[in-house]
Amino acid sequence: MTNMIEARGLTHEYIQRDEEGNVQGIQTAVDHVDLDVKSGQFISILGHNGSGKSTLAKHLNALLSPTEGTLYIDGIEAGKEENILNIRRTAGMVFQNPDNQIIASVVEEDVGFGPENIGIPTDEIWQRVEKSLKSVGMWEYRKHSPNKLSGGQKQRVAIAGVMAMQPKCIVLDEPTAMLDPDGRKDVIEAVHELNRKKGVTIILITHYMEEVVDSDYVYVMDKGNVVLKGTPREVFKQADVLKAHRLDVPQVTELAYELRQAGVPLPESILTREEFREAMRELWANAK
Ligand code: ADP
Ligand code: MG
């Protein structure tokens, strides 16, 4: 597998200045972060508010450039003016608020806006619109007004809009933060589908533990640093470390942990309801 993202000592400082331009303060939002993402992987980045996730995400899309360190997106070096467009074409970005990402008054036009903007021929635009909307389960809404959709549907339209640009990689910065549980589930499923079926590399930023359990790899950030990384199972085994960084394990993992403390012989590192149900069923069968 080739490297989609490689960061070495990536650092970003926000510099605050007063009216005369004198430096008032420096905020190190990303602090010597190493990141390795292979092509086709599904990676999650977890972290409490202010831990530097959005700042990191903006580097992956060349909205910011590194203060220090190096960053390559699909082999293209970030921080160089001449590479900005190329990086944006490689890595698409989905933001938290779906309302800010809607441009047109009809869903299919909204999705076609990006490709049209970069001069894709009309018949190919429509092919892309169809494929993208189908891949996020929103094809039947193509003639609808985006404003009348639910949050989760809007967000899936936004993802289709990014897909229509055919990026190799999609970075989603807390795409579910403003959605209800159903909308969250649909969005996360749609993103997994793009990853599985289209091989799109995914960087999912979230603070919902439940959303990262199916990732290939998880990075946990706090105060600009990567404080924990590993497979979801490796990461969620370290409940104490997560707590120290103001994060929790998934609810079902927590419950299994408490039951184990109370003497119920459940296996370690249960991550999903299915695993929990299976473990309980087995206990029950053995007890009879
Ligand atoms: P997260 O997305 O994890 O909530 P951010 O990347 O938004 O974290 O912020 C990381 C840190 O950088 C925070 O302390 C935040 O206050 C600071 N920060 C974010 N954006 C700016 C900015 N434009 N100017 C100055 N400081 C900023
Ligand atoms: Mg953020």
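In the predicted model, 63% of the contacts in the protein with a separation of 6 or more are accounted for by residues 24 or more positions apart. The secondary structure against which these contacts are set comprises ten helices and ten strands.

The overall dimensions were examined next. For 288 residues, a compact globule would be expected to have a radius of gyration near 19 Å, and the value of 21 Å for the protein agrees with this. Along the principal axes, the C-alpha atoms fill a box of roughly 70 × 55 × 40 Å.

With regard to solvent exposure, 48% of the 288 residues count as buried. The accessible surface of the protein amounts to about 14,800 Å², and carbon and sulfur atoms contribute 47% of this area. Among the charged side chains, 33 are positive and 44 are negative. The centres of these two sets are 5 Å apart.

Aromatic contacts were limited to a count of one pair. The pair is formed by Tyr-217 and Tyr-219, whose ring centres lie 5.4 Å apart. The planes of the two rings meet at 65°, and the arrangement is therefore edge-to-face, the cut-off for this class being over 60 degrees. As to accessibility, Tyr-217 has a relative accessible area of 26% and is partly exposed, whereas Tyr-219, at 4% relative accessibility, counts as buried. The assignment of Tyr-219 follows because buried residues are those under 20% relative accessible area, while the value for Tyr-217 falls between that limit and the 50% above which a residue is exposed.

Methods. Residues are numbered from 1 along each chain as its sequence is written. Chains are lettered from A and ligands numbered from 1 in the order in which they are written. This is a predicted model: local features need pLDDT of at least 70, side-chain atom pairs count only at pLDDT 80 or more; totals for chains, interfaces and linings use all residues. Side-chain values use heavy atoms; hydrogens and water are left out. Helices (H or I, at least four residues) and strands (E, at least two) are DSSP runs, numbered from the N terminus. The radius of gyration is taken over C-alpha atoms; the globule rule is 2.2 Å times the number of residues to the power 0.38. Buried means under 20% relative accessible area, exposed over 50%, partly exposed in between (1.4 Å probe, protein chains only). Contact means heavy atoms within 4.5 Å. Accessible areas come from the Shrake-Rupley method with a 1.4 Å probe; for residues, only the protein chains shown count as cover. Lys and Arg count as positive and Asp and Glu as negative; His and the chain ends are not counted. The place of a charge is taken as NZ of Lys, CZ of Arg, CG of Asp or CD of Glu. Rings of Phe, Tyr and Trp (its six-membered ring) pair if their centres lie within 6.5 Å; planes under 30 degrees apart count as stacked, over 60 as edge-to-face and the rest as tilted.
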